[in-house]
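Let's take a walk through this structure together. Keep the view open beside you as you read, and turn it whenever a new spot comes up.

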Amino acid sequence: MTITNKIVTENLVLQYSDGTESLKDISMNIPVNSISVIFGPAGGGKSTYLRVLNRLNDLANVTTVSGKAHLYSESGDFIDILDPNLDVTALRRRVGMVFARPVVLPMSIRENLTYGLEIAGVRKRSLLHEAIERSLNQAALWEEVQDRLDDPAMELSGGQQQRLCIARSLALEPEVLLLDEPTSGLDPISTGKVEASLQELKKNYTIVLVPHSVQQAARAADYAAFFLQGKLIEYAPGNEMFTTPQVQQTADYIEGRFG
Amino acid sequence: MRISRIKPESFITWLIKFTGYSAIIFVFLIFYFLLSEGIPVFGEVPFKDFFQVRWYPIEAYFGLLPLLVGSLIVTIGALIIAVPLGLLTAIYIAEVASPRTKEILKPLVELLGGFPSVVLGFLGLLILSQYLREILALPTGLSALTGSLILAGIALPAIVSISEDALDTVPRSYRDASLALGATEWQTIWWVTLPAAKSGVLTAIMLGIGRAIGETMVVLMVTGNAPMMPQGLATFVNPTRTMTATIAAEMGEVANGSTHYHVLFFIGIVLFVIALIVNVSASTFVFRRKKRSERILS
């Protein structure tokens, strides 16, 4: 059985205890093997939505979460992401995340890549090395670092660090990759490399991207969702969204009249 | 108009310069005094005499070894207790405790640091030593162990407070990144947060050492003050005597300008050098941390 939607969320409501950036009744499906883009002005709930999908909000001051969030596997089975008894570490291995600023851990390049695998219990050196080479290739970084895997990861340039972060998530072979403004700190050339590798990656992964500009949203999106103040205003295939938006607010934002 | 604005400006500059330099001058004066009173000892006592195992100044036995070993045993004992305890407390406060608990615990720990050490010494003398004597069936409860326990209490607040600050400054994003890779909270603390705060934690331990080795009043009160060389494991429960306690106990009744007087100042120089080494290594770690954080920001 093939599935069409990787993630299904219905009536998702989330409230922080200090009242900031919450989600108001979000219902949207993330199609499998595609790039879904979530864009909109700051404070609209984009990051919050991503952090619901891999339960990183667990440690934040969240007062209420309600609604439905299901993660489907190839067989058509699904798990309830919001289930309080869920093994979140297993969920996070299936749903990887890359953050706005490159966060390389204070270790070597190799250790950054093997960290997640070793914690998951993988010890075999050949398997680890295989994962390193595959993930670095997928993130278009292998050529640049193959001879210096044991150097501190902090010595890489900003763009390389961010691609290392992507590679680090990919090393775990997740099914979904959440990217929260992954190119906000990068120069145009590095941004281009990251975007190109995303187009390659979507053949095997389901990608949810919060872009750092409307232009990037338009370039990358197979599907696009416009978030405004915690509400999902419009959700459509990318080519329709950025040419003929149906809602006035979306059109205004895309044309730069606010935000 | 212009002049009246410049005048107080230059006065303030002068004042700041004066206070800044005076701090340096005081340090040098102390150092000079210490040297001028301590150096003459080399003309009066052969250097190898300091390595004797007997400290009995009245008959001119100036063996510093029992005092040095006493200081080291009490300090190391204190650290063996204080470092793991302090580190775990810091991890609890920084990583595990709820914000409410944290708000109560952190000031409490700092309050403990502000306790006059003589009060802790008093508790050690009257309560702790009694218990230790009964539980371990010792001839006296005043021993190196008692000193270590109380000193651990004194070094603990510095270790907890500074390591907690160090753990707290580890960016939230490191933890998120580690959690997002499927690590549990404890794996994250052990493999990411603690290594990232390594230099701050080492600084905390160094300052704890400095605090413990320089402490006088408490060790004078609870260690029993017998300058003895170590004898196996029993050393920890035997009375001992540290360098600081020796100076404090004997300086009051020594003849001014005598050999004994000079030797006491020489002990002061030894302490000064130890403190200097500890402080320099601590600040080296701090300096390294600054450089790294600058690199992260760039």
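Leaving aside its neighbours within four places in sequence, B:Val270 is in contact with B:Leu68 and B:Met243, where contact means heavy atoms within 4.5 Å. You'll find B:Val270 in helix α12 of chain B, which covers residues 259–297. Helices here are DSSP runs of H or I with at least four residues, strands are runs of E with at least two, and both are numbered from the N terminus. B:Val270 is partly exposed, because its relative accessible area is 22%; buried means under 20%, exposed means over 50%, and partly exposed is in between, with a 1.4 Å probe and protein chains only. Have a look at B:Ile247 as well: 23 residues separate it from B:Val270 in sequence, and the C-alpha to C-alpha distance is 12 Å.

A word on the ground rules. This is a predicted model, in which local features need pLDDT of at least 70 and side-chain atom pairs count only at pLDDT 80 or more, while totals for chains, interfaces and linings use all residues. Residues are numbered from 1 along each chain as its sequence is written, chains are lettered from A and ligands numbered from 1 in the order in which they are written, and side-chain values use heavy atoms, with hydrogens and water left out.

Staying in chain B, move to B:Gly210, which sits in helix α9 (residues 198–214). With a relative accessible area of 29%, B:Gly210 counts as partly exposed. Its C-alpha is 9.7 Å from that of B:Ala282, although the two are 72 residues apart in sequence.

Now zoom out to the whole of chain B. What does its secondary structure consist of? There are 12 helices and two strands, and along the sequence they run α-α-β-β-α-α-α-α-α-α-α-α-α-α. The C-alpha atoms take up a box of roughly 70 × 70 × 35 Å along the principal axes. Of the 298 residues in chain B, 42% count as buried. Its accessible surface is about 16,300 Å², and 71% of that belongs to carbon and sulfur atoms; such areas come from the Shrake-Rupley method with a 1.4 Å probe, and for residues only the protein chains shown count as cover.

Chain B also carries 21 positive and 18 negative charges, with mean positions 10 Å apart. For this count, Lys and Arg are positive and Asp and Glu negative, with His and the chain ends not counted; each charge is placed at NZ of Lys, CZ of Arg, CG of Asp or CD of Glu.

How is chain B split into domains? The assignment gives domain 1 (2–38) and domain 2 (49–297), with bounds that come from an automatic or database domain assignment. Six residues from domain 1 of chain B and seven from domain 2 of chain B make up the contact. The C-alpha centres of these two domains of chain B are 32 Å apart.

Over to chain A, which has 10 helices and 10 strands. Its radius of gyration is 18 Å, which agrees with the value near 18 Å for a compact globule of 259 residues; the radius is taken over C-alpha atoms, and the globule rule is 2.2 Å times the number of residues to the power 0.38. In chain A, 53% of the 259 residues count as buried. About 11,200 Å² of chain A is exposed, and carbon and sulfur atoms supply 47% of it.

For a spot inside chain A, try A:Ser135 in helix α4 (residues 125–138). Is A:Ser135 buried or exposed? A:Ser135 is buried, because its relative accessible area is 0%. Not counting residues up to four places away in sequence, A:Ser135 touches A:Leu113, A:Ala167, A:Leu170 and A:Ala171.

Finally, two backbone details. Most residues other than glycine have a negative phi. A:Arg55, however, has a positive phi of about 60 degrees. A:Arg55 is in the loop between α1 (46–53) and β4 (62–72) of chain A, and it is buried, with a relative accessible area of 10%. A:Glu181 also has a positive phi, near 45 degrees, and lies in the loop between β7 (176–180) and α7 (188–201) of chain A. At 24% relative accessibility, A:Glu181 is partly exposed.
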